[in-house]
4 protein chains.
Amino acid sequence: MVSFAGLRFDDRTPVYQQIAEHLKRQILLGTVQDGEPMPSRRELAAQTGINPNTAQKAYRLMAEEGYVRTDGNNGSTVCLTPALRTAIEEELTRGLVEQFVRDARANRLSYKKVISLISELWGEE
Amino acid sequence: MVSFAGLRFDDRTPVYQQIAEHLKRQILLGTVQDGEPMPSRRELAAQTGINPNTAQKAYRLMAEEGYVRTDGNNGSTVCLTPALRTAIEEELTRGLVEQFVRDARANRLSYKKVISLISELWGEE
Amino acid sequence: MVSFAGLRFDDRTPVYQQIAEHLKRQILLGTVQDGEPMPSRRELAAQTGINPNTAQKAYRLMAEEGYVRTDGNNGSTVCLTPALRTAIEEELTRGLVEQFVRDARANRLSYKKVISLISELWGEE
Amino acid sequence: MVSFAGLRFDDRTPVYQQIAEHLKRQILLGTVQDGEPMPSRRELAAQTGINPNTAQKAYRLMAEEGYVRTDGNNGSTVCLTPALRTAIEEELTRGLVEQFVRDARANRLSYKKVISLISELWGEE
DNA sequence: GTGGTCTAGACCACC
DNA sequence: GTGGTCTAGACCACC
């Protein structure tokens, strides 16, 4: 059973998006596997303290994006294909990097220094 | 006159550090020049809604780091040398990049993809 | 015993007509056979929640149309001949098709597409 | 300005779907053109008596289906391409015909009679 | 004003 | 219990 217990929200992004992002991160980390059952809307709402309607919106988004499937009245499960995993990885990477590049440029950091620092700080691959 | 009006704080970092960081960002962006007058402690507190004691602490930090000098009873001014500018730039860059590398590794992003995406997104230098 | 229990009414057509139509549909489906006893007026009213007067009106209509016969004090029975069955089928078919053609034309559907889609969707005869 | 005033809902289909369907019908009838402004969420809610949240849901659906585009804070407009028109026509036709075929089969109508009746009733193309 | 998000709570069908 | 729909009403940023 996928758990969202203890998930903290920031108020810059819609909560339903943050839920989807949290699940996507768990997927990439391997914490969540294909076929794993999702909590019910009510359960998710209880775990996170959000309104069941917001939970419903999150499920709708996740279903639209394809990695959660709702099975009639039998609850929802995570539903992954290799292509989906790759797409999620691409998206997450791009999101993080876009934000970083935006911040870096806004602060007029030098491209060269940034790249050299990343290499220095990254550690062993 | 340097202004901190409208500055928003996040709650992950002490407020007095955020004030110093804001000033450092302004310095790097060229918005703030050497010799420019700083607001008084009271003025800073009024502009940002923080406690005068916190303002005092921020001034102490900025003075210790060398880019703000208090002139007896004549208020404080920004005080910059090329070496200080470089140091500030180094620090800011390192801070941003460290955070980014931490996030990227926590999400198991691939180093190669990250570098190639940064190059793609950075745009013209 | 013919049953009307659970029958749901829409509010576009008089209820007594809907009762007759329901019986006719049951006849065509073979659920209701010649000679089968009908519920009493009161029984029909109780099964469907309608007013006994409306039940009476439905019986009058069904008797006029010929497929229900009232037997003195012995209640009513369904009363069918091959010709009646055909007439009922004609009427039901015509009703359904008329409504469909009206809708189709109101929405400017193309005759050709409609026919081809019906053939496609009808399945094995 | 597209209007939904006076639109009546049946309770078999979600209201937000009925709104989208109404718009699609208007598009096929030529009553609604590409680029035409849509009412605001609040306006739609007022015209039809539905809750602004349901109006929002309808807009989201229509945007997802591609024939309504929301333009920042400047309201929404109908947005049509020939391909979209065709898709809408296909969908509406198929929906109506599917329902009809389902009813016809449920009532054991004869395919031959149905086709001949449609031809008879359709009138001039 | 505009679109968008969220909570609170009711109600529905299906099991 | 499950998913899904809807109303009522607040609040947000952007203009």
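Me: Okay, starting point: two residues are in contact if their C-beta atoms, placed from the backbone, lie within 7 Å. So how far apart are the nearest C-alpha atoms of chain B and chain C?
Reply: They're 49 Å apart, and chain B and chain C do not touch. Keep in mind that this is a predicted model.

Me: And what about chain B and chain D, how far apart are their closest C-alpha atoms?
Reply: Those lie 25 Å apart, and no contact joins chain B and chain D either.

Me: How many residues of chain A are in contact with chain B?
Reply: 25 residues of chain A, and they meet 25 residues of chain B.

Me: Which helices of chain A supply at least two residues each to that side?
Reply: H1, helix H4 (82-106) and helix H5 (111-122) of chain A each do. H4(A) gives the largest share of the side that touches chain B, with ten residues.

Me: What kinds of residues make up that side of chain A?
Reply: The side of chain A that touches chain B has 16 nonpolar residues, seven charged ones and two polar ones.

Me: What turn lays chain A on chain B?
Reply: A turn of 179°, with a shift of 0.0 Å along the axis, and the RMSD is then 0.2 Å. Of the residues of chain A, A:Phe100 comes closest to the rotation axis, with its C-alpha at 3.4 Å.

Me: Why do people say the copies meet through the same surface?
Reply: Because 100% of the interface residues of chain A are also interface residues in chain B.

Me: Switching to the other two chains: what does it take to lay chain D on chain C?
Reply: A turn of 179° and a shift of 0.1 Å along the axis, giving an RMSD of 0.2 Å. That's the relation of a two-fold axis.

Me: Which residue of chain D comes closest to the rotation axis?
Reply: D:Phe100, with its C-alpha at 3.4 Å. As for how chain D and chain C meet, 100% of the interface residues of chain D are also interface residues in chain C, so these copies meet through the same surface.

Me: Now the DNA. Which residues are closest to DNA strand E?
Reply: A:Pro14, A:Val15, A:Asn51, A:Thr54 and D:Ser40 are the closest, out of 19 residues that surround the strand.

Me: Which helices supply at least two residues each there?
Reply: From chain A, helix H1 (15-29) and helix H3 (52-65), and from chain D, helix H2 (41-48) and helix H3 (52-65).

Me: How does the surface near DNA strand E split by class?
Reply: Eleven of the residues are polar, five are nonpolar and three are charged.

Me: Let's zoom in on chain A. How many helices and strands are there?
Reply: Chain A has five helices and two strands. Starting at the N terminus, the order is α-α-α-β-β-α-α.

Me: Which domains does chain A have?
Reply: The domain assignment gives domain 1 (1-80) and domain 2 (81-125). Taken over C-alpha atoms, the centres of the two domains of chain A are 25 Å apart. Seven residues of domain 1 are in contact with six residues of domain 2 in this chain. The domain 1 side of that contact has four nonpolar, two charged and one polar residue.

Me: What share of chain A is buried?
Reply: Buried residues make up 24% of the 125 residues in chain A. Its C-alpha trace spans about 55 × 30 × 25 Å along the principal axes.

Me: Where in chain A is the confidence lowest, and where is it highest?
Reply: It's lowest in H4(A), at a mean of 89, and highest in strand S2 (residues 76-78) of chain A, at 96. For chain A as a whole, the mean pLDDT is 92, and 98% of the residues reach 70 or more.

Me: One last residue: where is D:Leu84 found?
Reply: D:Leu84 is in helix H4 (residues 82-106) of chain D. Leaving out residues up to four places away in sequence, D:Leu84 touches D:Gly66 and D:Tyr67. D:Gly66 is 18 residues away along the chain, yet the two C-alpha atoms are separated by 7.7 Å.

Me: Why is D:Leu84 called partly exposed?
Reply: Because D:Leu84 has 17 other C-beta atoms within 10 Å, and the label covers counts between the buried cut-off of 20 or more and the exposed cut-off of 12 or fewer.

Methods
Residues numbered from 1 in each chain as written. Chains lettered and ligands numbered in written order. Predicted model: local features only at pLDDT ≥ 70, side-chain atom pairs only at ≥ 80, totals over all residues. Near = placed C-beta within 6 Å. Helix = DSSP H or I, 4+ residues; strand = E, 2+ residues; numbered from the N terminus. Nonpolar A, V, L, I, M, F, W, Y, C, P; charged D, E, K, R; others polar. Domains from an automatic or database assignment. Least-squares fit on C-alpha atoms with pLDDT ≥ 70 in both. pLDDT = per-residue confidence, 0-100.
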